[in-house]
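Here is a short report on one chain. Keep the sequence and the 3D view open while reading.

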Amino acid sequence: MLSEDKITVFLKLQQAVLDLEEGTKLLQLFLPTVLEELASLGYCYEFLSAIFVDPDHKLQRGFFVDKQTKIVSEKEVIHTEILLERGSSWEMELLYGRPLLISDIKELVDLSFPKFSEIRSLLILPIQNTHNFSGILVLASPASSDKINPEEIEFMQMITRLIDLGYRLQDTESSLTQITQQVYEMNAKLHQLDKLKDEFVSVASHELRTPMTAIRSYVWMALHKSDIPLSQKLERYLYRTLISTERLINLVNDMLNVSRIESGHIEINPKVFDIVALVKDVMEEVKVKAMEKRLSLLVLEHKIPQVFADPDKVHEVLLNLLGNSLKFDYPGGMITVDFFTDGKMVEVSVRDNGLGIVKEDVGKLFKKFGRLDNSYVSISTSGGTGLGLYISKSLVEMMHGSIWAQSEGVDKGSTFTFSLPIATQEVLKESEEFHVRPKGEAKTLEPVAI
Ligand code: ADP
């Protein structure tokens, strides 16, 4: 049975281990506490010492407390290099986790210290776990080694296990700190790479756009302004070149937009404006394309309150939604734009009676490159990038709105609806919240209009 004061000391030290905080210097703070507490037990030991070694068993730090002063100091009183000499029988015993009782102490303790002349034996306990040997606890006794009772050894073993626990906890914490540090560093690198990627996309897009725009203009002129008659074959070739160039310009513009959105270089400049008028303007812009495909356009006008949003960005969203309806509606179909309001938001819906979307695919629409299999044939001829709806969603959300799609299924048409805040007094009072300023340096490149 352990005596009450030993139990008290053990519990105290156990609490001290549990209280070890991240970054606590176990060697500097906890070990001296252990020695102090053990010395307070009023042992017959002449001195107690806790010694820590490095992985090569070379002395790292040693603490010492003697019976008289009970003051812990950093001092080496044991010749660790002899005790822990590689391959020695002492070292082997300790490595196996067994306590050592040594009677012949002459070569181990610096007996020139006057107070050590009384020492007759040493009890040495390893501080170790299965993976590591981190140190030893040394108790120097004036009694011969056979006088040290097993219960005493057991108690000291409990203490070394506690020290080891503290050591391991500290190890875990320091490796956690290391991991956190590594994660931070990797994050910083990723950010840097991401920035480089953004810059690359931006520069590459710009470099691509200039010649592409020139190609498109010259092909268009060759098609429409030629002063010599074109053969049917040549006209077909030129027309295909024009379509492909437009597709490329679309792709580059979309990539540039995505890069800007993701790098936070987009700017939202909200204004109070009439959304119905804007819709009518955009309808005018797409009229020619609608006529080419024999599609009718219809705006269902209502009295709708003005919205507070960035008209350029709303224009972009509308162009994308109407552009999709033009792509996926069947010749002879109808595209209808309708409005709805609940007093807080205005909803604008773009409906077509074309290809439609299967229910399971509705969730994929607004993801990056969210082109759907059912429409693959159509997009292969219409030049989609699968980025338009992702960009639209990002823009609408930046303007405090939302966007969603509905369809009854294949060939049943689709309705895309987005909402924007009404320019109420309340909204205008908080107008600053609706602005989005570009992070850092704003890019000056603008997408090319086709
Ligand atoms: P894309 O440039 O390919 O049109 P979007 O992001 O605008 O890219 O659209 C993603 C996909 O959503 C399209 O490829 C198409 O599969 C589907 N989609 C979008 N609008 C419609 C629509 N009005 N009718 C049917 N499918 C549509």
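In which sense do strand S1 and strand S2 pair, and over how many bridges? Strand S1 (residues 47-53) and strand S2 (residues 59-66) pair in the antiparallel sense, over 7 bridges. The model is a predicted one.

## Overall form

The chain holds 11 helices and 13 strands. Its radius of gyration is 40 Å, while the globule rule gives 22 Å for 450 residues; the value is well over the rule, so the chain is more spread out than a compact globule. Along the principal axes, the C-alpha atoms fill a box of roughly 120 × 55 × 40 Å.

Of the 450 residues in the chain, 43% are buried. Among contacts with a separation of 6 or more, 69% join residues 24 or more positions apart.

## Surface and charge

The accessible surface comes to about 24,900 Å². Carbon and sulfur atoms hold 55% of that surface. The chain carries 49 positive and 65 negative charges. The mean positions of the two sets are 7 Å apart.

## The six-stranded sheet

What is the strand order in the open sheet of 6 strands? The order is S3-S2-S1-S6-S5-S4, and the pairing is antiparallel. S3 and strand S4 (100-102) stand at the edges; each has a single partner strand, so one side of each is left without a neighbour in the sheet.

Take the pairs in turn. Within the S1 and S2 pair, Ile51 has Gly62 in S2 as its bridge partner. S2 also pairs with strand S3 (residues 73-74), antiparallel and over 2 bridges. There, Phe63 stands opposite Glu74 in S3. S1 pairs with S6 as well, in the antiparallel sense and over 6 bridges. Ala50 has Leu137 in S6 as its bridge partner.

## Two hairpins

S1 and S2 form a hairpin with 5 residues between the strands. His57 in this hairpin takes a positive phi near 65°. S2 and S3 form a hairpin too, with 6 residues between them. In that turn, Lys70 has a positive phi of about 60°.

## Ala140 in S6

Is Ala140 buried or exposed? Ala140 is in strand S6 (residues 133-141). Its relative accessible area is 0%, so Ala140 is buried. Leaving aside neighbours within four places in sequence, Ala140 is in contact with Tyr45, Glu46, Phe47, Ile119, Ser121 and Leu122.

Gly97 is 43 residues from Ala140 along the chain. The C-alpha atoms of Ala140 and Gly97 are separated by 19 Å.

## Thr160 in H5

Thr160 is in helix H5 (residues 150-224). Its relative accessibility is 4%, so Thr160 counts as buried. Which residues does Thr160 touch, not counting those up to four places away in sequence? They are Leu125, Pro126, Ile127 and Leu137. Leu137 is also the bridge partner of Ala50.

## A mostly covered helix

How many residues of helix H10 are buried? Helix H10 (residues 388-398) is mostly covered, with 9 of its 11 residues buried. The buried residues are Gly388, Leu389, Tyr390, Ile391, Ser392, Ser394, Leu395, Val396 and Met398.

Their cover includes two helices and two strands. The helices are H6 (232-262) and H8 (311-328). The strands are S12 (403-407) and S13 (414-421).

## Positive phi in two loops

Most residues other than glycine have a negative phi. His400 and Arg294 are worth a look against that background.

His400 follows H10 and lies in the loop between H10 and S12. Its phi is positive, near 70°, and His400 is a residue other than glycine. With a relative accessible area of 37%, His400 is partly exposed.

Arg294 lies in the loop between helix H7 (275-292) and strand S8 (296-299). Arg294 is not a glycine, yet its phi is positive at about 55°. Is Arg294 buried or exposed? The relative accessible area is 58%, so Arg294 is exposed.

Notes. Residues numbered from 1 in each chain as written. Predicted model: local features only at pLDDT ≥ 70, side-chain atom pairs only at ≥ 80, totals over all residues. Heavy atoms only, no water. Helix = DSSP H or I, 4+ residues; strand = E, 2+ residues; numbered from the N terminus. Rg over C-alpha atoms; globule rule 2.2 N^0.38 Å. Buried < 20%, exposed > 50% of the residue type's maximum accessible area, 1.4 Å probe, protein only. Contact = heavy atoms within 4.5 Å. Areas by Shrake-Rupley, 256 points an atom, 1.4 Å probe, with all protein chains shown as cover. Lys, Arg positive; Asp, Glu negative; His and termini not counted. Charge placed at Lys NZ, Arg CZ, Asp CG, Glu CD. Pairing = 2+ DSSP bridges.
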